[in-house]
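Subject: Structure handover and notes

Dear colleague,

Please find the structure below, and keep it open beside this message while you read. I have tried to write the notes so that each term is explained where it comes up.

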Protein chains: 2
Amino acid sequence: MRYIAVFDHFLRRDHRDQITRTAEKLGISVTFCTTVDDLPEGERARYEALYGNPAPEILHLFPNLKWVCVSSAGVDRYVDDAIYPNPGVVLSNSTGSYGVTISEHILMMALMLLRQMPVFQAAAREHVWHGPLPTRSIYGSSITMLGTGDIGTAFARRAKALGAACVTGVRRSVKAADPSFDRIITFEGLNEVLPGTDILVSALPHTAETVGVISRERMALLPEGAILINVGRGTAVDQEALMDNLRSGHLAGAALDVMVPEPLPADHPMWSTPNLLLTPHISGNMSLGHTCDVDVDLFCEDLERFAHGLPLLRAVDRKRGY
Amino acid sequence: MRYIAVFDHFLRRDHRDQITRTAEKLGISVTFCTTVDDLPEGERARYEALYGNPAPEILHLFPNLKWVCVSSAGVDRYVDDAIYPNPGVVLSNSTGSYGVTISEHILMMALMLLRQMPVFQAAAREHVWHGPLPTRSIYGSSITMLGTGDIGTAFARRAKALGAACVTGVRRSVKAADPSFDRIITFEGLNEVLPGTDILVSALPHTAETVGVISRERMALLPEGAILINVGRGTAVDQEALMDNLRSGHLAGAALDVMVPEPLPADHPMWSTPNLLLTPHISGNMSLGHTCDVDVDLFCEDLERFAHGLPLLRAVDRKRGY
């Protein structure tokens, strides 16, 4: 018998049944737990794989670990080789679960900013019937999407269905992408498209290369009135420059679901920066049924490959960071 | 020479040029004005048609009027035959201009309610990093759309592109509708679909038949946690019942862009009803370039037909009310 442990933070009964059934068929026994303390110390050596949200600092307690599958798409807390009991442990993520929910979040935020909802909401809190304000639309807009994976693609599809004039995908190297993108460019070409960008969206992971990619210089290249949305990792954005550009009005608005640091302290100036919508890293909230369903499906798919010694479909390159 | 007057509240220079060019080609002279006072009393008899937002109470000042084209989709202020100088005046509207902007408004409001944005925004105003909350999605949801014209169809297309499981269109009589609707039913069948409806949307005009159509009885038929969005006319909704259902939590949220009365007085209890998002009748805001462009295109199209004595494409049945 082989053993795996699932660090459960979102599973429904049917999800647990699905994992157990898949594992049993493969001769694998599953233990569900909430924290490592639920697993007796003397038994930890039996576990070959962990799924869910095991804390990075407990991985070294599993001497025979071969695979860690995190239920998130971002893996920045898991890329340090030193947290693993041996360098051979494979890390995989759950890219593919988050496209639906995060693309809906991006759409909502873009529409709230384009339609000036925060102004109407502030008036409504004062019981004031506000007059009309200039409104813009996803329809006909030019969108630049940093990151063309599951999330970027799901958003590109929705933006085109809403009539966006042009969706440009930006990635490390040009390769075939979803036809919803009007074009795919690399970061080398980014500065050329920024002046024609109405909506700049980042779904970039945290890697050595993405830190500060939305820099002060690049914000200056965006046209007056552009908006910025970040659902990837906070390190991509120069937050000081963002606050300056929102205060000056060069940018019409921004929505950050990720930022530095998280949680944002109560006295941080971003909370009171004009036209800045902050959400507490919830765009990929695991409470969405569909997200959970897909997350479990993807894990079960890779569990079968793991049992048969095949390469995992969502293995992460820890050096690259995604 | 024939004469028309345009009551201008949104036109850009290029729109005025387009109208003038179209009219000149047809041997028609155009006067642009803001109010009726801009048109000398002695010259009013020459105008055969008015376009834009002429106040209903000034129409009788034009004795030879044949056509009024309002730049809105709703015509409830123009259906009383008594406001016209003679019963033969044809009324037309600008249905077709608003699908893009109003469907984006519906999408935004649905997402804000499903994703509990008001709670996250209230926390952010207090500089509080709120924990995750249960989130729902357009993806997989069942939507019932009252009204299957331009606005209902534009929204149905977007909802299906986002993966809505089922979009039911509800109209007066069953006839062919856009394939984005999974099914079309009449109001007689509405009560049967309400228990399976996650999101109920109304884009209904104000007519004798639509008053109170979203009644207390029908709200009770919606499942616990359903949401309601109204972008048509406020009279469709029983507002007392809506407040009760939001206070009890039977409905998870509602968004009204139209209500009774407008403007809503500062002391009206709807302003402080929980989970009720109120906007000041701005979902079809004329500031959106695309809306204005289409509005002018549609008028010019019917102006050619008017000049040639053909039936207008967007003529309204004043008795029916749309």
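What follows is a description of one chain, then of the pair of chains, and then of a few details of the backbone.

First, a word on conventions: this is a predicted model, in which local features need pLDDT of at least 70 and side-chain atom pairs count only at pLDDT 80 or more, while totals for chains, interfaces and linings use all residues. Residues are numbered from 1 along each chain as its sequence is written, and chains are lettered from A and ligands numbered from 1 in the order in which they are written.

**Chain A as a whole**

The secondary structure of chain A consists of 8 helices and 12 strands, where helices (H or I, at least four residues) and strands (E, at least two) are DSSP runs numbered from the N terminus. Its C-alpha trace spans about 65 × 45 × 35 Å along the principal axes. For 322 residues a compact globule would have a radius of gyration near 20 Å, and the 22 Å of chain A agrees with that; the radius is taken over C-alpha atoms, and the globule rule is 2.2 Å times the number of residues to the power 0.38.

The domain assignment, which is an automatic or database one, divides chain A into domain 1 (2-97 + 288-307) and domain 2 (99-278). The C-alpha centres of these two domains of chain A are 33 Å apart. Their contact takes 7 residues from domain 1 of chain A and 8 residues from domain 2 of chain A, and two residues are counted as in contact if their C-beta atoms, placed from the backbone, lie within 7 Å.

**Two helices that pack together**

In chain A, the axes of helix α1 (residues 13-25) and helix α8 (residues 289-307) come within 10 Å and cross at roughly 10°; axes are lines fitted to C-alpha atoms, for helices over the stretch in contact, and angles run from 0 to 180 degrees between N-to-C directions. α1(A) and α8(A) are therefore roughly parallel to each other, a description used for angles under 35 degrees (over 145 is roughly antiparallel, 65 to 115 roughly perpendicular, and the rest oblique). The residues that make this contact include A:I19 of α1(A) and A:V296 of α8(A). By class, the contact of α1(A) with α8(A) has 6 nonpolar, 3 polar and 1 charged residues, with Ala, Val, Leu, Ile, Met, Phe, Trp, Tyr, Cys and Pro counted as nonpolar, Asp, Glu, Lys and Arg as charged, and the others, Gly among them, as polar.

**How the chains meet**

In the pair, 39 residues of chain B are in contact with 39 residues of chain A. On the side of chain B that touches chain A, α2(B) gives the most, with 8 residues, and by class this side has 23 nonpolar, 12 polar and 4 charged residues.

A rotation of 180° with 0.0 Å of shift along its axis superposes chain B on chain A, with an RMSD of 0.0 Å, the fit being by least squares on the C-alpha atoms of residues with pLDDT of at least 70 in both copies. The two copies are thus related as by a two-fold rotation axis. In chain B, the C-alpha nearest the axis is that of B:M108, 2.6 Å from it.

**Backbone details**

The peptide bond from B:V260 to B:P261 is cis, with omega near -5°, and B:P261 lies in the loop between β11 (251-256) and β12 (276-278) of chain B. Another cis peptide bond joins B:E262 and B:P263, with omega about -10°.

With best wishes
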